[in-house]
Structure formats: C-alpha cells, structure tokens
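Student: Could you take me through one part of this structure closely, the place where the two chains meet? I would like to see how the charged pairs there fit in with the rest.

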Amino acid sequence: MNGYYRPGSVREAVAFLAGNPEAVVIAGGTDLVIDRRLGRADPQAPLVDVTGIDELRGVRWDGDELHLGATATVREIESDPAVIVRASALAEAARVLGSVQIRNMATLGGNLCTASPAAELAPPLMVHDAVAAIQGPNGERRQAVADFATGPRTTILGTGEILTNVRLRAPALSGSCYLRQTVRWAMDLAGVGVAAWVLTDRTGREAAVQEARVALGAVAPTAVLVPGLESLLAGAPPTTERLGAVSAAASAACEPISDTRGTAEHRRHVAGVLAARALSIAHARAAGLWPGGLAPVNGRAPAAASSGARA
Amino acid sequence: MRSDYAVVGKRIPKLDAPDKVTGRTTYADDLKMSGLLAGAIKRSPYPHARILSVDASAAEAVPGVYAVVHAGNVTQRPFGYGHDNIPLKDRVVRCVGDEVAAVAAVDAATAQSALDLISVEYELLPAVDDPFEALQPGAPRIHDELDIEGNVSMEWNFQTGDLAEAERRSAVIVSGSYSSPQAAPAPIETHVVIAGFDADGHLEVISPVHMVFMYRKELADCLGLDWRRVTVRQPPVGGSFGGKIDIDAHDFIAVMLARAAGRPVKLAMSREEEFTGTRTRQPIHFRLRTGAAADGTLQFRHAEVVSDNGAYNAWGSHALLVAMNTVTSMYRVGTSRLAAKVVYTNKNYGGSVRGFGNPQATFAVEQQMEELADALGMDPMDLRLKNANRPGDVTPQGLEITSCGLSECLETVRRKSGWDQRRGRMRSQHRGLGAAAYVHVGGGARIYGSDGCGAMIKIDDSGRVALISGSSELGQGSETALAMIVAETLGVPLEAVSVSHDDTDVKPWDVGVHASRTTFVAGNAARMAAAKARDELLEAAAEVLDRPARSLTIRDGVISVPGEPTATLRYEKAVRRRLLREGSSIIMTSAFYDPPTQRQDENHIGNISASYGFGAHVAEVEVDPDTGMVRVLGLWAAHDVGRAINPMSCEGQIEGGAVMGVGLALSEELPVEDGRFPAPNLHDYGMPTAMDAPPIDVTLIETADELGPFGAKGIGEGGIILPPAAIANAVADAVGVRPRSYPIRPWRLRRWIETGERSHVDKHPHPVPDENAR
C-alpha cells in the first residue's frame, strides 16, 4: 500500500498507526527519505506526517523543567537561550548535528526514533535524566530516554505508539556538556560523542560533586550511560585523579566497532579523554566557573588567533 | 612590467557565475529532448571473477525496455592506454563496479527494475587490492591476457649522475616511506552522457568531458564509427577536477544503447557510481632518500615508487611522470634516480585528478626537505632558498626554467606567516608551522603529438566579438580569462566579448583541458586571433579616418589618432563600414598556437612545457594530541602565476585548490574492504566543509613569463599540490612526530604520537674524507 496521511491530533495518528502497522512516521524526513532511497526502509510504506499536530511542537520551560515536543526541530533546540545555559549539553549536541539546513528540518523525535548508535541528542538527554512520553492505543506511558533505544535502529515503541515529548529538569547548581570527535569539523557523524552532567553542592572552585552522569554515543549499539560514577566523584571536586578514574570508567563502558570514523581502540581511548573534559566543563558550569557560551566541539581550549596574517 | 592595461589585471567576477549561482545554468542532466531514454548499468559486485554467462531475456521482456546490451550482443574493441579495458566486460571482471550489461528504458525506474532481472553467473577468482601483494610471485594475475610480469603494467625509470658518488658527497642522508590514499575528484555534477543518432546515422554525444577531440576519436575507434560522423557537444560542466578528462566505459555504453534502441539515451551516474565507476586519484607509495652536503647543498634524490593503478590503465597511469618531474626537478638536486612501477590491483582505477601525481610526490619530497634541514641544524626555509630553482636552470630531465619566482614565493610565506619567530617555538601549545613548495607545468604539457589549441574570432555588425575557442570551461574561469585577453588585445570593452567552446563541429582543435594549460595555450591562441582582428579593424578605420592604420590606436572600443582629439571612430562603425557596401567583408580571424616544447624521449628528457609554475605554502596547525584531531589555523600561499589575467579568479583557483588539499591532508579517503568501497558517499568520504577551511592568505607573484599571454602561466593545479606536505610538516613541528601517510585521520595521528614516528637520518653515512671533515 502506498499513501500519505497527515493527522491533526495525536489521537488520529495513533488510530491510523494501530490500523496500519506497516505505516511509518515522518517529520523532518532527514533520515527516513535517505533510508527509503537506499532501501534501508520500505519505500512503499505509507507515511504518517506528524508535523501538522500542534501538541507535538515546541520547546518550552516550566520552571526548571524543559518540555521538548517530538517535532521540535534541532534548530529550535540549539537556538533556545535557556537551553544553551541550563542544558548546555543538549545545545552543544544540537549545534553539531548535520548542517543548518538539516537542523531546520530534523526533529528531536526523529533523532531518537531513528535510534542510530551515533544519535547526537541521545547522550545529552540521558545525562539530564530525560523522560520520554509515549502515546499508544492503550494510553500514555513514560520511559527514561536511557531505555528508549534497544539496539541499532530499534526502540521500545510498539505498534501504534508514537513519541510525543521529552521532559527533563535542569536544577540550580547543575551543568552539562557534550563533546565529540569527528574526522572533519562539521557535517560529520560522531566517531565518539560524550555528554556529562554534574550537580554540585555550591558554587566556586571547591564545589563538590553531588551527582554526576556521563553518557557515550557511537561506541556501542546504543548510547550508554557510564556506570559507577557516583562512587568515583561524589563528595569532592573533580580532581585530576578523579577525572582519570572517570576516563577509565568511560573507556571500559565502550563496546566500539572499527569503521571509517575510527578504530575500536581509538574510540575507547577518546571516549575516556572526552569524558574527563566534558565532566570538567560540566562541573565548571554547575559551579558558576564557566565564562559562558558553548565549548569547542572537542573540549580543547580554543586557539588564540594566529599571530600571522589572517585577513 | 606593464600595468596600463584596460582589462588584464582587473578583478572581474566570472562571467558564468550569475547563472550558476542562481540556478539558471542548464547542465547535461537538465537537458530535455524528444524520445530520450534512461540508461542504467549493471556492474560487477565482485573485485575479480570470471563471467560464465549473462542472461538478459527477462530484462528484454520488461515493458518499456528498448535495449539491453552486454558483451554477447555488441561490437566493441578494447580501449584505454595499452588497450587493457573494454566497455562491456566479456570474460573477466577486475574490480567492483566493472560494467557487465546495460539497459535503456522509458524511465529510470523501469531501467533499474530491468537491470535487476539480468542474471550474471560468475566464478569468483582470487583478488588482490594491495600493490605490494600484487607484486609478489604467486599473486593473482589480474590481466592474464597481457604479457606482463608481476601485475606490473608499466615501469618508468630515470637516472642521471653518479649516485654512489653523490652519496659519498653527502654529510646527511634522510630516508623514509610516504604513502597516499585512494581519493576522488568528487565534483558536484556526477558524470552524465547523452548519445543519439540522427536519421543519417550521425552520432551526437553530449558530455561534460573536457578532452573532446580525443574523446571523439576514442569513441569512434572503439565502436567502429567513422569519426567524421561524430559530434561531441559539451554543456556547462558542474565541476571536474580532472575526473572528466578520461573516457569511461559508460561513454561507449551510452552509444551502444542508443544504437540498439534507435533513440537517444542518457546515462547519469548516481553518487555511488561516481565513486565506484568513475576515476579516482591513485595511491602512490614512495621510498625516498635525499642527501645534502654539510652546507645544505642538495646532492641527490633517489625514489623507488609503486603506484597502485587499479584494474585498468586510464590516463592516471601516467601520473608518475609528473611525480618524476618533482623528484628530479624540484630544487637544484642534480643527481637523481627514480624507479617506478605501475601495478595493477583489483580496485577502481586511477584517473587524472587535479595535481596529477604531484601532491603525492611533493608530500614525500617536501617532508624530506624539512627532515634534512632539521638533521643539518638549518632552517628549512634557508635550505629551500639555498637550493631553489632559478631562471636559466636546466633540470636533469631537461626542463628549461625561464620565469621563476620560487625564491620570492618562499620569502613571502616566510615573512607573512611569522616563520622565523614562530616555527619550532609553539610545541608547548601543540601548534606548529610547516612549509612546502612545488614546481608544476605552467605552459602546457606536450604529452601528445600536438599541444596546440585553435581560436577563431568574428566581429558582427553590432560590434559583438565572438571568440570560438578549442578549449573548455569547467568552472576554472578560463572563459572569463579568455574574454579578458581578447578584450585587451582588441581594445574593446569586456561586455562586447562572448566565448563559445561547446561543439566539435564548430570549434577548432585542442588537446583538451588538463595540465593547467588553458590560460597559457588557449590564451595565446585567442591573443593571436585577436591581434589579427585588431589589425583588420584598424585597416577598416584607416579608410574612414584617412590616416595610415599603423598610426591608429584602439582602447575601450574607440579608435583614435594620437594627438588628434577629433579624429575618432567607434570600432563597431568601422566594422559596419566594411560590411554595408558593395564588395563587403566582415572581420573573421583565426589562429592556432602550439607551444615551443618537446615530448620527453624514452629517457624522459625533454622540455615538456613552455614555462613552469612555482609556489610555496606555510600551514599552521593545532593538534589535539589526546584525540588526534588537527585544526588548520592558517595557510599562507604565494604562487608565481607569471601574470594574473584576472586576480580574483587566480585567487579563487588557489583557494579552491588549497581547500581540496586540506581535504587530502586530513580527511579524504576511499578505504577498501574486500575490494569494495564500504562508504561511497559524500557523508563518509570526508571532503572538507567551510568549517574545515582555514583562513587562506594568497599572494600572487608576477614574473611576467616571456611566452605567456600578457606574461601569464598556468595556475589551475598549484593550490592543491602543497597542503598535504605543508600540513604534515606543521604537524611534525607541533608534536614532533612525522605523518608518513595521509589523510592524517585522528586515530592514525594519535597512534603515531604514541609510537613516536620520527625521521630516519644517517649522519655521516660514509667515512668522510679528511679534507671535508674540517
């Protein structure tokens, strides 16, 4: 069956999907159109275009809770001034996804539902402990984003279910950061992507870590949270020694492959390097030590302008 | 140098740019024509296999299919250098992507579905994708029909001087191995060809190829056509970078399909086919040694080279000849030796990509200059300047260096980059500077009986000046440069000049666009034809003004008599005075320019080009040693262009080439797994984006070449040659390890940093005689 359906409400979309299990949801189409052309997705499957559903749209704050609609574009997310300050990892991941043209089309829901192992937005949402809302024929259920992808290109969504929104909290004294290693500096998939989030007990250099999370992208079948960080970090500032332990834990949490974006050995090593850098920046943000703005994509201090001629 | 030109030397936006950037340009794939069919090619999925049978009956039965061709139902002859290739493979496939059958149908979807119904039975043969393995005894024989040993397609050898003696004279010898990857020209427009016969059997082929006359001959030879009855039309080209020089199997196949279908057929390559089924840049592996005396005077260079040719010989098999020029003629090296093998492998084969062997060779030669300088305790710029080529030099291969701004280029980038204050002093920040310089043909390249190009000029009754050039515009800006040369020579406004170059029935003969030759060779032809037209214009005006033609001048379209302000005539009036009368005539002139050069002999000696281009770059990089990521912070580029006809266009060529060179250095690569490219797409290939392009500071050095049009030399390839070498040298300065291969992808650099890849230096490799020991 071929076809295109543009429902006006989540209820209509769910009803259609329940009755047409072969149908696929389309929003920005930046993954699906390519997958259909390459034969990775059935090019004949009917499309359910969810961009006409008002309740799926938008980026909004309710106190310290961030509400991201499933069809919020990546560009909307990276452009939100409060996201840049309070959920920096999400802005830092959004701003390196594809090109501006792609980010104007690509959506949060699409990025999570395609479930690429290198999905840019999964690690930052996971460290922010984000929760996905899923609407299906039997009503709504909620699931941690960390449990949303079940493998490369597979998710927990059942027949008739759609992702409607993602919510996370960004409390005071928290900070986050997303870094990645790529072959070129833009328009590239992550060889390694690392998000870190830290909650501290106060501001300033002595701020001790209360809670911390690190998530890794592109180094395992799905984005993964690094286990066991609390015992390594809680109760003290992230010293060089403690960051070294974070690096080792991050490297140990990888199950990478070798491909055109890096060898397995390199990915494991760089996951550790970037985990320490991201955690350090997240701590600086939580503790009020960060000068503002987004971090360089690999977390290394930006080079001063060359002292030679630079027109 | 003269600087009172009216047009030459002005910054003129490319004449074809407004249409291109606003989407008005009609490329080959945009053409509509009555009855046009869509073609599609069935390609080998295996790197090496025997074809046992091809069954096309099911495909032929598909409604909407007009023709199905395969080796069993067409007449074809071998093509390629040495005739080692055939359009539709008849016996053996030798690389993934080899053409086995093709379909023409009413639309692309029908053609594709018919293609899937063609059944090809293969017997797999052992394949080899590494040239060093291919050289081993017992390696699979890739061309068992050829009388060759060890899969060696060709060998190129050169030697001059006494190597043993030169080694004895050397206080320091550095040696090392340097490798480059398989890369792709990757133009935005993929290859497209449209072929159709008229009712009389005259063939018209529309193709963005840019050696159209050779293309026509090769088409006719392979397909048994009368080449007088073949017309090649070249629509605007959406980029080539050399990839569209070679004739490919699909060009012949389009004609076969058109003949079988009785209708015109279009074959348009997908992006995947562009990577797997059209030509690439061949990987070249160098083992190089360079020796110098204690004062830095170069004593010798010795290269052993293996070129990974791929499955067949395209023009790329000759890239080693350019690499040879660099080994023997870059700097005053004297004694030099090169032994090169071009080795078949079961991979997509090498073509003629911008730079043509020179980026690969310069990567080896120029890293070794800095290694040598470090071993001697000299500044690398001082070492280069000490050995720089100079006007009047004749190199070991007989290259006659005339105009030469190499030293000025080196001094310019040295000064502008802050080299003396900064090189070797930024390692604590993991930042470094590296340099490189090149020699490349700049006045044509006689690789064929003629290196000539024709030009015709006509001036009509409106005053419109039409240049019909043998050459082609590929985006390199030649159309604008040629129009400027004509406007300057004739003394008319640039807006009055048009350039046509798209039809073999109309335009005069030319070898084609390659070897950075167009501004020089086609420019000289245009200048000569314009000078003749100017003489005719002034003679026509002489009748009207009643003054001798030799006393007249023309500028901005006004013919005047110096010292007589009232005696003037617009040039178009002079044209009309000749035309609108009994016994009328119009102004129409022609010229053919063949540079005064030699084909190199069997010993590779001969002055192949009428002038040589030089340039120097300094790159500044910052390395993240823990992730291996490299950022190019700046690039200073100085190029001896002879004379910049259009400085804006020259800078564009240099900047565009440099960004391609940054891609080669850091990211572009077609890795091969089991004979396949696992990632034949622009996402994985690693072409640099604007975010990867460093600030580029370009200086044009003008040396006014004696033979170039208004002193100009070729600059089409200069920009791409140096970044791999300069960036590798900068990385070595930043972190103390030397990249021996490119692209310098993060995981490789990190591994080199961990293992400490350093120079191999022999100090005092031989007992030094006493008199030299002081």
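Tutor: Happily! Across the interface of chain A and chain B there are seven salt bridges, a salt bridge being a side-chain nitrogen of Lys or Arg within 4 Å of a carboxyl oxygen of Asp or Glu. This is a predicted model, in which local features need pLDDT of at least 70 and side-chain atom pairs count only at pLDDT 80 or more, while totals for chains, interfaces and linings use all residues. Residues are numbered from 1 along each chain as its sequence is written, chains are lettered from A and ligands numbered from 1 in the order in which they are written, and side-chain values use heavy atoms, with hydrogens and water left out.

One salt bridge to look at joins Arg277(A) to Asp626(B), at 3.6 Å from N to O. Helix H2 (32–38), strand S11 (174–181) and helix H11 (264–286) of chain A each bring at least two residues to the side of chain A that touches chain B; helices (H or I, at least four residues) and strands (E, at least two) are DSSP runs numbered from the N terminus. The biggest contribution to that side comes from H11(A), with seven residues. By type, the residues on that side of chain A are 13 nonpolar, 11 polar and nine charged; here Ala, Val, Leu, Ile, Met, Phe, Trp, Tyr, Cys and Pro count as nonpolar, Asp, Glu, Lys and Arg as charged, and the others, Gly among them, as polar.

In overall terms, 33 residues of chain A are in contact with 38 residues of chain B, contact meaning heavy atoms within 4.5 Å. The two chains bury about 2900 Å² between them, 52% of it on carbon and sulfur atoms; this buried area is the accessible area (1.4 Å probe) that two parts lose on being put together, summed over both. Between chain A and chain B, 15 residue pairs are in polar contact, with both residues at pLDDT 80 or more. A polar contact is a pair of N or O atoms within 3.5 Å; within protein, one must be able to donate a hydrogen and the other to accept it, and residues adjacent in sequence count only if both atoms are side-chain atoms.

Now for charged pairs within each chain. Over all chains, the whole structure has 66 salt bridges. In chain A, Asp35(A) pairs with Arg40(A), their closest N and O atoms being 2.7 Å apart. Asp35(A) is buried, at 8% relative accessibility, whereas Arg40(A) is exposed at 51%; buried means under 20% relative accessible area, exposed over 50%, and partly exposed in between (1.4 Å probe, protein chains only).

In chain B, Arg289(B) and Glu167(B) form a salt bridge of 2.3 Å, N to O. Because Arg289(B) sits in strand S13 (residues 284–292) of chain B and Glu167(B) in helix H5 (residues 163–169) of chain B, this pair ties together parts that are 122 residues apart in sequence. Arg289(B) is partly exposed at 23% relative accessibility, and Glu167(B) is buried at 14%. Back with Arg277(A) and Asp626(B), salt bridges with shared partners link these two residues, Arg300(A), Glu622(B) and Asp624(B) into one network.
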